[in-house]
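Biologist: Please take me through one part of this model in detail. I would like to hear about the charged pairs, and then about what surrounds them along the chain.

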Amino acid sequence: MTVEEKKAFLIQAAFYGVLLIAAGLFMKYLLGPLCPFIFGFLIAWLLQKPAKSIARRLHLPGRIPAFLLTVVFYSILFVAVTVAGLQIISALEHFFPKIPLLYATQIVPFITDSFDALEVQMQEFDPAIVDIVDRISRSLFSYLENLISSVSVLAVRLASSIVTGMPSAILTVIVTVVSSCFIALDFDHIISYIKGKLPARFQAAVSTTVTTGVASVRKILVSYILIMCLSFFELSIGFLLLRIPYAVGLALLVAVIDIMPILGTGTVLIPWAIVAAVLGKFRMAVGVALLYIVMLIVRNVVEPKLVGQQMGLHPVATLLSMFVGLRLFGILGLFGFPIALSLYIKLVASRKSAQPA
């Protein structure tokens, strides 16, 4: 490697290093406040192709179908979210009031009878062993009481945070809807204006970056929507086979939890299986445990492969970028790092194809 080649390599490495740092700072400090406008732009961009197709067929100006299609999209989304929310609320109203009664009438008697039987069996041994068993039972009851108290406090805090965060969420939704409507109306003018303000030498690179970035976001959203639909389908079948009440609503709730990397289906299904086993409902416990194992295997096999296919990445590269992004930036990094990696690969490929042979 010559001196000039080394210089070029160092300059390129420094450039991409600065770019990576800038992307990380953007994701950490600016992505949250700009999310309504980013989602508004993405929705407007996604609807541009069908809007233009409708405009050509009906011989209308492109702005009218774009605006109407955006309104129809949000109307359908509002109805879907409302129906899903009602299903989830109905399921929660059915199950949550039964938890204290379940603890008092089923779990506590089961544990008490189990330790009493164990103490009877141990009486023929050293009294110290009986004393140890008694202390273990008291510790277990204390732990369960503290756990229920912590869960109750957590539920109250969660409800309080939802209530206090509702105005901000409503404002974010309104800003997203309004921004996407305005962007849809003047999409071509906005793109032309932004391009006109860029230096000529940067226009091609910025155009490629934006096009690739938006396409990558669209693909990763499609990937996770497919994954959530697959989880919902698996859970619905499993819950219906186990004859669980409000199977569809519960399946939807667990599918939403499953898409969150910090939580996952294990947050619901593992305690469910344990409680069912403690209550002597072994068929339910085995069924829920098997359902969790199946979902875990399918999720870990399908997610990297599906996201990788959508993003044009190898499953190993996808899994690595998702893991590193999750550890560094949380949920944003989980989605952002595969997009950044795909964007980098496509930019390098476009630069190589643009160079003369």
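**Salt bridges and their surroundings**

Modeller: Happy to! There are 2 salt bridges in the structure, and please keep in mind that the model is predicted. Side chains of opposite charge can pair when their charged atoms come close.

Let's start with Lys52 and Asp188. Their closest N and O atoms are 3.4 Å apart, and the pair counts as a salt bridge because the cut-off is within 4 Å. This contact joins distant parts of the chain, since Lys52 belongs to helix H1 and Asp188 to helix H5, with their positions 136 residues apart in the numbering. How exposed or buried is Lys52? Lys52 has a relative accessible area of 35%, so it is partly exposed. Asp188 is partly exposed as well, at 42% relative accessibility.

Next comes Arg63 with Asp186, a salt bridge whose closest N and O atoms lie 3.5 Å apart. Here too distant parts of the chain are linked: Arg63 sits in helix H2 (residues 63-95), while Asp186 is in the loop between helix H4 (127-185) and H5, 123 residues away. At 43% relative accessibility, Arg63 is partly exposed. Asp186 is also partly exposed, with a value of 27%.

Helices H1 and H5 meet again through their aromatic side chains. The structure holds 3 aromatic pairs. One of them is Phe41 with Phe187: the ring centres are 5.6 Å apart and the planes stand at 25°, so this pair is stacked. Phe41 is in helix H1 and Phe187 is in helix H5 (residues 187-197), which places the partners 146 residues apart. Phe41 and Phe187 are both buried, whereas Lys52 is partly exposed and so is Asp188. Helices H1 and H5 are therefore linked by a stacked pair and by a salt bridge.

Another aromatic pair brings in a further stretch of the chain. Phe239 and Trp272 have ring centres 5.3 Å apart and planes at 40°, so they count as tilted. This pair connects helix H6 (residues 200-241), which holds Phe239, with helix H8 (residues 266-278), which holds Trp272, and 33 residues separate the two. Phe239 has 0% relative accessibility, so it is buried.

Helix H8 itself is worth a look. H8 has 13 residues and spans 18 Å from its first C-alpha to its last, close to the expected 18 Å. Its buried residues include Gly266, Leu269, Ala273 and Ala276. These four lie on the same side of H8 because they cover an arc of only 120° around the axis. After H8 comes Gly280, with a positive phi near 85°.

Back in H1, what does the surface look like? Ile21 is located in this helix, which runs over residues 3-58. At 55% relative accessibility, Ile21 counts as exposed. Ile21 joins Leu25, Phe26, Tyr29, Leu30, Leu34, Phe37 and Ile38 in a nonpolar surface patch with about 750 Å² of accessible area together. Helix H1 thus offers exposed Ile21, buried Phe41 and partly exposed Lys52.

For the wider setting, the protein chain has 11 helices and 0 strands. Of its 357 residues, 27% are buried.

Note on methods
Residues numbered from 1 in each chain as written. Predicted model: local features only at pLDDT ≥ 70, side-chain atom pairs only at ≥ 80, totals over all residues. Heavy atoms only, no water. Patch = residues over 30% accessible without salt bridge, like charges linked within 9 Å, V, L, I, M, F, W, Y side chains within 5 Å. Areas by Shrake-Rupley, 256 points an atom, 1.4 Å probe, with all protein chains shown as cover. Salt bridge = Lys/Arg side-chain N within 4 Å of Asp/Glu carboxyl O. Buried < 20%, exposed > 50% of the residue type's maximum accessible area, 1.4 Å probe, protein only. Phe/Tyr/Trp six-rings, centres within 6.5 Å; stacked < 30°, edge-to-face > 60°. Expected span 1.5 Å × (residues − 1). Arc of directions from axis to C-beta.
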